[in-house]
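Hi,

Here is the structure I said I'd pass along. Have a look at it first, and then my notes below should be easier to follow.

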Amino acid sequence: MDVMISRVEEDGQHFSYDADTVIKATCLNMVLATITMAWALSLLLNNHQDVLENAQLELDEKVGRSRQVKESDVKNLPYLQAIVKETLRLYPAAPLLVPHESIEDCTAAGYHISKGTRLIVNFQKLQKDSVVWEGPCEFRSERFLTSQKDFDVRGQSPQFIPFGNGRRMCPAISFALQMIHLTFANFLHGFKIERSSDEPLDMEESVGLTSLRMLIF
């Protein structure tokens with residue numbers, strides 16, 4: 001953030017965004033990363049302790065215990081990446097894509113859509129389609145290591161678009177993924193995580209533009 005703001009101050013005429021926009025965008029990415037990590041931890045602690053232990057085992061094998069996880073390590077952590085993908089599938093940070101507008105009359109799935117109609121895609125529904133996903137509402141991170149291992153999080157797979165796709169997909173996707181993976185990996189690598197009781201965690205979502213948990217731990 002400091003580097004980007006310094007660019008604005010040094011060369012404001014040729015920089016696309018002002019300082020306020022840089023600050024807001026960076027903070028938003030931090031919030032979205034926190035949302036995803038909260039859901040991921042909740043899923044792992046809620047009857048998926050084996051997945052948590054396997055992720056920590058992968059970190060111990062690929063990174064070791066003598067240092068922290070680096071960004072360059074993430075590519076060697078397919079199991080952790082699968083957990084993040086499955087979390088983004090079940091609980092994307094925002095359940096709806098940004099509004100679009102039909103530029104001409106068209107018909108989609110038998111429905112007539114007039115020119116100028118505002119369209120909002122419920123992509124969370126797409127990501128829980130039973131035609132595509134086996135056990136669509138169940139947490140199965142291994143699916144991204146087997147049957148759906150080629151599904152890309154960057155909008156190349158229309159069944160899985162947590163950041164949208166096309167020209168208007170999330171512009172900060174690379175930064176968001178970097179932050180999510182690195183923060184989550186270091187958290188799992190550095191701490192022993194367990195539930196304080198045998199009571200299952202409350203997985204109810206709040207109502208709003210982002211998929212927040214009703215209770216955060």
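Before anything else, please keep in mind that this is a predicted model. The mean pLDDT for the protein is 82, and 80% of the residues reach at least 70. Confidence varies by element: helix 1 (residues 2-10) has the lowest mean at 62, while helix 4 has the highest at 95. Where pLDDT is low, the predicted coordinates shouldn't be read in detail.

Helix 4 is where I'd start. Helix 4 runs over residues 78-90 and has 13 residues, reaching 18 Å from first C-alpha to last, close to the 18 Å expected at 1.5 Å a residue. Of those 13 residues, 11 are buried, so helix 4 is largely enclosed by the rest of the structure. The buried set includes Y79, L80, I83 and V84, and also charged side chains such as K85, E86 and R89.

K85 caught my eye. What does a buried lysine pair with here? K85 has no salt bridge, and the nearest side chain of opposite charge, D152, sits 5.8 Å away. That misses the salt-bridge rule because the nitrogen would have to be within 4 Å of a carboxyl oxygen. Leaving out residues up to four places away in sequence, K85 touches F144, K149, F151 and F160.

Next, helix 5, which covers residues 123-126 and includes F123. F123 has a relative accessible area of 1%, so this residue counts as buried. Setting aside neighbours within four places in sequence, F123 is in contact with P92, A94, P95, L96, L97, I161 and P162. F123 and P158 are 35 residues apart in sequence, yet their C-alphas are 9.3 Å apart in space.

Helix 6 (residues 173-190) has 18 residues and spans 25 Å between its first and last C-alpha, close to the 26 Å expected at 1.5 Å a residue. Its buried residues include I173, A176, L177, I180, F184 and L188, along with H181 and H189. When you look at that pattern, remember that an α-helix has 3.6 residues a turn, so residues three or four places apart point the same way.

Last, the cysteines. How many disulfides are there in the model? The count is 0, going by sulfur atoms within 2.5 Å. As for how accessible the cysteines I looked at are, C137 is exposed, with a relative accessible area of 60%, whereas C170 is partly exposed at 24%.

Shout if anything is unclear.

Cheers

Methods
Residues are numbered from 1 along each chain as its sequence is written. Side-chain values use heavy atoms; hydrogens and water are left out. Buried means under 20% relative accessible area, exposed over 50%, partly exposed in between (1.4 Å probe, protein chains only). Helices (H or I, at least four residues) and strands (E, at least two) are DSSP runs, numbered from the N terminus. Contact means heavy atoms within 4.5 Å. The expected span of a helix is 1.5 Å times one less than its number of residues. pLDDT is the predictor's confidence in each residue, from 0 to 100.
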